[in-house]
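Reader: I would like a close look at a single part of this model, taken slowly and with the pieces connected to one another. Please walk me through one strand and whatever is placed around it.

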Amino acid sequence: DVLLANILAGPLHALADAFAGYVRPHGDIVLSGLLAPQAQACLDAYAPHFLMQPPRIAEGWAMLHGQRRPAGA
């Protein structure tokens, strides 16, 4: 499973729990549409549900990738 979202940082934060419910354990999430300075806060919002990788930054924009944590982890 892969969930891809290219939306603003505010909605990405608000949807963290909902998105986690859509991705099965070990599935991937890819998030974009946020500015580089917003990346850490977004990583923090998704970290309880996903094993997040360091952000990839290009021209001031950030892309985040993570893998859904196993159930109970």
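Author: In strand β5, tryptophan 61 is the bridge partner of alanine 58, and this contact belongs to the antiparallel pairing of β4 (residues 56-58) with β5, which extends over three bridges. The model is a predicted one, and in it β4 and β5 form a hairpin with two residues between them, where glutamate 59 in the turn has a positive phi of about 55°.

Tryptophan 61 also stands opposite leucine 35, a contact that leads to strand β2 (residues 28-35), which pairs with β5 (residues 61-68) in the antiparallel sense over seven bridges.

Strand β5 is joined as well to β3 (residues 50-52), by three bridges and with the strands running antiparallel. Here the bridge partner of phenylalanine 50 is arginine 68 in β5, and the two residues are related through the side chains too, since arginine 68 lies over the face of phenylalanine 50, at 5.8 Å from the ring centre.

The ring of phenylalanine 50 has a further partner, for the structure holds one aromatic pair, formed by tyrosine 46 and phenylalanine 50. A pair of aromatic rings is described by the distance of the centres and the angle of the planes. For tyrosine 46 and phenylalanine 50 these values are 6.0 Å centre to centre and 45° between the planes, and the pair is tilted. Both tyrosine 46 and phenylalanine 50 are buried.

How values were computed
Residues numbered from 1 in each chain as written. Predicted model: local features only at pLDDT ≥ 70, side-chain atom pairs only at ≥ 80, totals over all residues. Heavy atoms only, no water. Phe/Tyr/Trp six-rings, centres within 6.5 Å; stacked < 30°, edge-to-face > 60°. Buried < 20%, exposed > 50% of the residue type's maximum accessible area, 1.4 Å probe, protein only. Lys NZ or Arg CZ within 6 Å of the ring centre and 35° of its normal. Pairing = 2+ DSSP bridges. Helix = DSSP H or I, 4+ residues; strand = E, 2+ residues; numbered from the N terminus.
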